[in-house]
Amino acid sequence: MFSNYLKIALRNLKRHKGYSFINIAGLACGLACAILILLWVRDETSYDRFHANADDICRVLQQVKFSDHETTWAITQGPLGPGLEKDIPEVVRSVRVKPGRFQIRQGEVWVSETVWLADPSIFEAFTFPLVAGDPATALADPHSIILSEKAAARYFADGDPVGRTLRLDDRFDFRVTG
């Protein structure tokens, strides 16, 4: 019975080539779009899920309206976080992060790097694993810095970076704490 259906389908494909192409191409495009949308939604809902309290973490966005258009930024004013903690009891803690370009000394060469400035409470809200150092006290000092494994290998290839110092913009000394 199946072979009979297969023969009839192949005959119809040969007889109506244009119509068959349109149907098969439409089906293929529809399936491809559905799969791509499914993969995109899966990716959007899966990143940063490794944090212990990922369901309780929110990001504040600012919607800005100009005369000719409007846009949304993930940029807000600095006092917003502490203000939300103070005025809204549901907000347990806030973390402010801000990128900045700094010149970092690497031997005799100065390298321009993006450094993320963050509140000490970042390790209370997020559970980033540290290879070395204590997350509870890593950013207690305003002149402390945490390096990624890649950056630690780049700046301190000769050993453990914890406790060592990096000079930023030839003005600030930061002690590596994690």
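Here are a few short exercises on this structure, each with a worked solution.

This is a predicted model, where local features need pLDDT of at least 70, side-chain atom pairs count only at pLDDT 80 or more, and totals for chains, interfaces and linings use all residues. Residues are numbered from 1 along each chain as its sequence is written, and side-chain values use heavy atoms, with hydrogens and water left out.

**Exercise 1. Work out which residues touch the most other members of the largest nonpolar core, and which elements feed it.**

Start with the term: a nonpolar core is a set of buried Ala, Val, Leu, Ile, Met, Phe, Trp, Tyr and Cys residues joined through side-chain atoms within 4.5 Å. Buried means under 20% relative accessible area, exposed is over 50%, and partly exposed sits in between (1.4 Å probe, protein chains only). The largest core has 13 residues, and those touching the most other members are Ile104, Ile145, Leu147, Tyr155, Phe156, Leu166 and Leu168. Next, look at the elements giving two or more residues: β3 (97–106), α5 (149–155), β6 (165–168) and β7 (172–176). Of these, α5 gives the most, with three residues. Helices (H or I, at least four residues) and strands (E, at least two) are DSSP runs, numbered from the N terminus.

Now zoom in on Leu147. Leaving aside neighbours within four places in sequence, Leu147 is in contact (heavy atoms within 4.5 Å) with Ala152, Phe156, Leu166, Val176 and Gly178.

**Exercise 2. Decide whether Ser121 is buried or exposed, and find its contacts.**

First, place it: Ser121 lies in the loop between β4 (109–118) and α4 (122–125). Its relative accessible area is 13%, so Ser121 counts as buried. Then skip the neighbours within four places in sequence, and Ser121 is in contact with Arg93, Ser94 and Val95.

**Exercise 3. Describe how β1 and β2 pair.**

Two strands pair if DSSP finds at least two bridges between them. Here β1 and β2 (residues 70–73) run antiparallel over four bridges. A hairpin links β1 to β2 through four residues, and Lys65 stands opposite Glu70 in β2.

**Exercise 4. Count the disulfides and check Cys33.**

The test is a pair of cysteine sulfur atoms within 2.5 Å. That rule gives zero disulfides. For Cys33, the nearest cysteine sulfur belongs to Cys29 and is 6.4 Å away. As for accessibility, Cys33 is partly exposed at 46% relative accessible area, while Cys58 is exposed at 70%.
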